[in-house]
Amino acid sequence: MAALVMGLAPAARAQSPLRQCVGGKSLFAVSGDTLSTFRYSITGGEFLTTAKPDSVVVKWGLHKGQYKVGVQEIANAGCEGGWVYQDVELVGTPFYFPKNVRRICPGDTMYIPIDRRLYTTHRWSDPRVDTRGIVEPGGYRIWVEDTNGCKFTDSITVVTCQPTAVFKAARRTP
């Protein structure tokens with residue numbers, strides 16, 4: 001009979017449901033007959049291939065909730081075993097900028113608030129952003145950790161406004 005074993009420390013394996021971060025990856029290894037093949041089932045993510053038939057990597061989606069990873073052992077003689085499942089709880093609050101490109105006019109300051117009720121720590125690629133905001137064009141990256149211990153990153157590109165409106169001609173009307 002197959003058994004699902006997470007690629008984590010033994011204490012983490014005993015959890016049910018297993019807590020994982022949305023958008024992250026998990027390695028599941030299977031113990032069973034070395035001549036067997038395995039069939040996998042998942043909700044809430046997608047399988048990524050591995051070099052070994054007795055393990056699978058799951059890339060989790062971005063929706064919190066309760067999900068399952070299942071494995072079924074198919075013995076060398078063609079006999080199918082029952083399904084074994086691991087319950088998984090997806091947690092986390094990803095941080096995303098509303099748009100990747102923002103415009104800033106000369107002399108303006110852009111502040112991007114970090115909700116400290118959701119994120120316990122954050123770090124900008126330019127540490128001055130915390131105290132003065134974004135005052136010049138460029139690329140900025142932020143790394144955050146939420147209250148579940150999940151880590152996320154996002155980037156934003158800020159460009160200078162360049163108004164282009166000009167009067168082409170003026171004409172007197174009667």
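**An aromatic cluster and a four-stranded sheet in a predicted model**

Phenylalanine 95 has a relative accessibility of 9% and therefore counts as buried, since the cut-off for burial is under 20%. The values reported here come from a predicted model. Phenylalanine 97 is buried too, with a relative accessible area of 7%.

Five aromatic pairs were counted in the structure. One of them joins phenylalanine 95 to phenylalanine 97 in an edge-to-face arrangement. The ring centres of this pair are 5.2 Å apart, and the planes meet at 90 degrees. A further pair brings phenylalanine 97 together with tryptophan 124. Here the geometry is tilted, with 6.0 Å centre to centre and 35 degrees between the planes. An angle of 35 degrees is called tilted because stacked requires planes under 30 degrees apart and edge-to-face requires over 60. The pair of phenylalanine 97 and tryptophan 124 links distant parts of the chain, 27 residues apart. Phenylalanine 97 belongs to the loop between E8 and strand E9 (101–104). Tryptophan 124 belongs to strand E10, which covers residues 119–124. Both partners, phenylalanine 97 and tryptophan 124, are buried. Ring pairs extend this arrangement into a cluster made up of Phe95, Phe97, Tyr119 and Trp124.

A ring also takes part in a contact with a charge. The charged end of arginine 123 sits over the ring of tryptophan 143. The distance to the ring centre is 4.2 Å.

The overall fold was examined next. The protein contains two helices and twelve strands. Along the sequence, these follow the pattern β-α-β-β-β-β-β-β-β-β-β-α-β-β. The protein has 174 residues, and 31% of them count as buried. Its accessible surface comes to about 11300 Å². Carbon and sulfur atoms contribute 54% of that surface. Among contacts with a separation of 6 or more, 58% are between residues 24 or more positions apart.

Four strands form an open sheet in the order E2-E8-E7-E4, with mixed pairing. Strand E2 (18–21) and strand E4 (37–42) are the edge strands, and each pairs on one side only. From one strand to the next, the twist averages 30 degrees.

The pairings of this sheet can be followed from E2 across to E4. E2 and strand E8 (residues 80–91) are parallel and share four bridges. At this pairing, arginine 19 has glutamate 89 of E8 as its bridge partner. E8 and E7 pair in the antiparallel sense, with nine bridges. There, glycine 70 is matched with tyrosine 85 in E8. E7 and E8 also form a hairpin, with five residues between the two strands. Glycine 78, in the turn of this hairpin, has a positive phi of about 95 degrees. On its other side, E7 meets E4 in an antiparallel pairing of six bridges. Arginine 39 stands opposite glutamine 72 of E7. Strand E7 (residues 65–74) is mostly covered, with seven of its ten residues buried.

Strands E5 and E6 provide another hairpin. Six residues connect E5 to E6. Strand E5 (residues 45–48) and E6 are antiparallel and share four bridges. Glutamate 46 has lysine 59 of E6 as its bridge partner.

Valine 57 lies in strand E6, which spans residues 55–60. With a relative accessible area of 18%, valine 57 is buried, because burial means a value under 20%. Leaving aside residues up to four places away in sequence, valine 57 touches Lys25, Ser26, Leu27, Glu46, Phe47, Leu48 and Thr50. Serine 26 is 31 residues from valine 57 along the chain, yet the C-alpha atoms of the two are separated by 5.5 Å. Glu46, the residue bridged to lysine 59, is thus among the residues that valine 57 touches.

Notes:
Residues are numbered from 1 along each chain as its sequence is written. This is a predicted model: local features need pLDDT of at least 70, side-chain atom pairs count only at pLDDT 80 or more; totals for chains, interfaces and linings use all residues. Side-chain values use heavy atoms; hydrogens and water are left out. Two strands pair if DSSP finds at least two bridges between them. Axes are lines fitted to C-alpha atoms, for helices over the stretch in contact, and angles run from 0 to 180 degrees between N-to-C directions. Buried means under 20% relative accessible area, exposed over 50%, partly exposed in between (1.4 Å probe, protein chains only). Contact means heavy atoms within 4.5 Å. Accessible areas come from the Shrake-Rupley method with a 1.4 Å probe; for residues, only the protein chains shown count as cover. Rings of Phe, Tyr and Trp (its six-membered ring) pair if their centres lie within 6.5 Å; planes under 30 degrees apart count as stacked, over 60 as edge-to-face and the rest as tilted. A charge sits over a ring if NZ of Lys or CZ of Arg is within 6 Å of the ring centre and within 35 degrees of the ring normal.
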